[in-house]
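Work through these exercises with the model in view. Try each task before you read its solution.

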Amino acid sequence: MGSRHDLKLELTGDGERPMFMNIAYSIIREIERGRLKPGDPLPGTRALSTSLKVHRNTVDAAYQELTMQGWLVARPSRGTFVANDLPEPAGGETPPPALRAPLDPVGRGTAPPMLRVSDGAPDARLMPATQLARAFRTALTSPAFVGGGDYSDPRGTIRLRTALSSYLISERGLTASADDMMITRGSQMGLYLAAAALVEPGEAIAVEEPGYPLAWSAFRAAGARVVGVPVDAHGIDVDRLAAIADREPELRAIYVTPHHQYPTTVTLGASRRLKLLDLARHKRLVLIEDDYDHEYRFEGRPVLPLAARAEAEGVVYLGSLSKLLAPAVRVGYAIAAPAVLTRMADRREAIDRQGDVPLEQALASLIEDGELRRHTRKARRIYGERRDLFAATIRRELGQHVAFDLPAGGLALWLRLRAGLDAETWAANAAQVGLAVSSGVKFVLDAAHAPQAFRLGYASLTEIELSRVATLLKRTIAG
C-alpha cells in the first residue's frame, strides 16, 4: 500500500454480528488476499471510522481485537501495522492454507486448524508479562538468590507466602498466616499432596460428579479410592453424601468446588454449605476445597470460601495463581492445619525439595506492588464482557438446541443439550471441521451416566474466536 489512508474495506458479515467484528473480519480478508501485506500501515481509527461511517470506538475495538490475535501490531507514536511475521500470500489473491483456514467460518477445507475450546483457562495474552519479566530479572540478581547456597523451605519462599497471606485476607476473608501455607507447582500438586497427607492407600475420597477428572487422577495416584456424589442445580447433594458417608467407613475426605462448581458452574448455596460443614464435622471428614477461580465473579461479591468460616478447621484450601495469570505459570498454594501441612511438606520434599524461587519472588513483587490486583480487575472486566457476548451468541445461534444458566462468575459455560441430541456425536462432528470441545462424558466416573452437555471456556478466546465457536457448533449439530 502506498498510503495508510487508501484502504477501502468491503465489510463482510451480517447485521447480527457486532460491527467491530465485521471490520476485523474484513481486514483479515484483505490480508489474506494480499492487498494488505506484512508491515503495511493501516489507516488511523479516525480516518477509517469516517470512511466506514461508524463510531471511532468501533474501529478501535476491531484494531485491538486483531492486535491481540497477532494480525496487527501497534507502535507508539507511529500507528497500527500489519504484523511482520505473517507469511506472504502464495500469489494472486489466494492465500496460503495457513492463513485461509483459520478464518473459514463454516470449516471448509480438508485440514482446518483445530480451534480448541478450553475448559475454563484464562487468556495468557492479558498477563502483565512485562511487569512479571522485570520482577523475575530482579529476583535473579537479588542477594537472596545469588548468595543462597542451600535449598529453601519445601513450603515455598516466605516472601510469597507472606504476600499471599495478606492478599487472601483482603480478597477472600481467609485469616491464614504464612506458616499455614504451602506454595505448590500448580493446584494439581496441591491436590496430590493433600490426598497423600490425608488418606492411606485404599481409603476413600468423595468427589462431585460430574466433576474435575484431574483431581480424581491426583487422588488415585496417592492411593485413594474415588467415590462419586451427584451434583444438581444447587451443587453437591449433601443428603446423598451423608448416605455415602454412612456406608463408607473408610471415607476420609470430601473434594468440593463450591464457588463455581466444576464443570456445571453452579454456586453452593448457604444452606448446603452449612449442612456440608456440619456433616464433615460429625463424620470427622476433611474438606478439600478447590477455589480455583475465586476472583472471577461478575455479579456481586465473591462468596466466601468454606475455609473462611471460624469452625472450618478441617478444611484443606487450594488456590492457584495460574487462573489469575496464565496456565504456564505453574504456581498454586494450599492452606491447612499444621499437622496436615507438615505431612504435605514431607511428601513434597521427597519429590521436589523446593519450588521455583525466582518465580515465587517475582510473583510476590506483583502482589506487593498491587500489579496482581490491577491485572485481576482488568481481566475480570474483559472476561465478563466475553461471557455476555458468548452467551448472547449461543442463545442466538443455538438457543433451540441448548440451554444454560448464565454463571455469576467463572470462566466457562455449561451447555445442556435438548433431548435427542448426543454430545459425543456433536463433538465428533465439530472436530471434523476444526473445533475441539469437551463433552459431558469427560466429567463423570461412569460413562453410562454422562450428561448430554458441553463445558465451553470463553475467557481464553477473543470475540472473533467465540463467534466462530458458535458458528461451527451450529453447522455441525445435524452433520
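Helices (H or I, at least four residues) and strands (E, at least two) are DSSP runs, numbered from the N terminus. This is a predicted model: local features need pLDDT of at least 70, side-chain atom pairs count only at pLDDT 80 or more, and totals for chains, interfaces and linings use all residues. Residues are numbered from 1 along each chain as its sequence is written, and side-chain values use heavy atoms, without hydrogens or water.

**Exercise 1.** Find where Pro-210 lies and describe the peptide bond before it.

Solution. Step one: Pro-210 sits in the loop between β5 (204-209) and α9 (213-221). Step two: the bond from Glu-209 to Pro-210 is cis, with omega near 5°.

**Exercise 2.** Check the span of helix α5 (residues 129-140).

Solution. The expected span is 1.5 Å times one less than the number of residues. For the 12 residues of α5 that gives 16 Å; the end C-alpha atoms are 16 Å apart, so the two agree.

**Exercise 3.** Sort residues of α5 into buried (under 20% relative accessible area) and exposed (over 50%); partly exposed is in between (1.4 Å probe, protein chains only).

Solution. Leu-132, Ala-135 and Ala-139 are buried in α5. They cover an arc of only 65° around the axis, which puts them on the same side of α5. The arc is that of the directions from the helix axis to the C-beta atoms. On the other side of α5, Thr-130, Arg-137 and Thr-138 are exposed.

**Exercise 4.** Locate Lys-53 and give its phi.

Solution. Lys-53 lies in the loop between α2 (45-52) and α3 (56-69). Its phi is near 60°, a positive value in a residue other than glycine. Lys-53 is exposed, at 76% relative accessible area.
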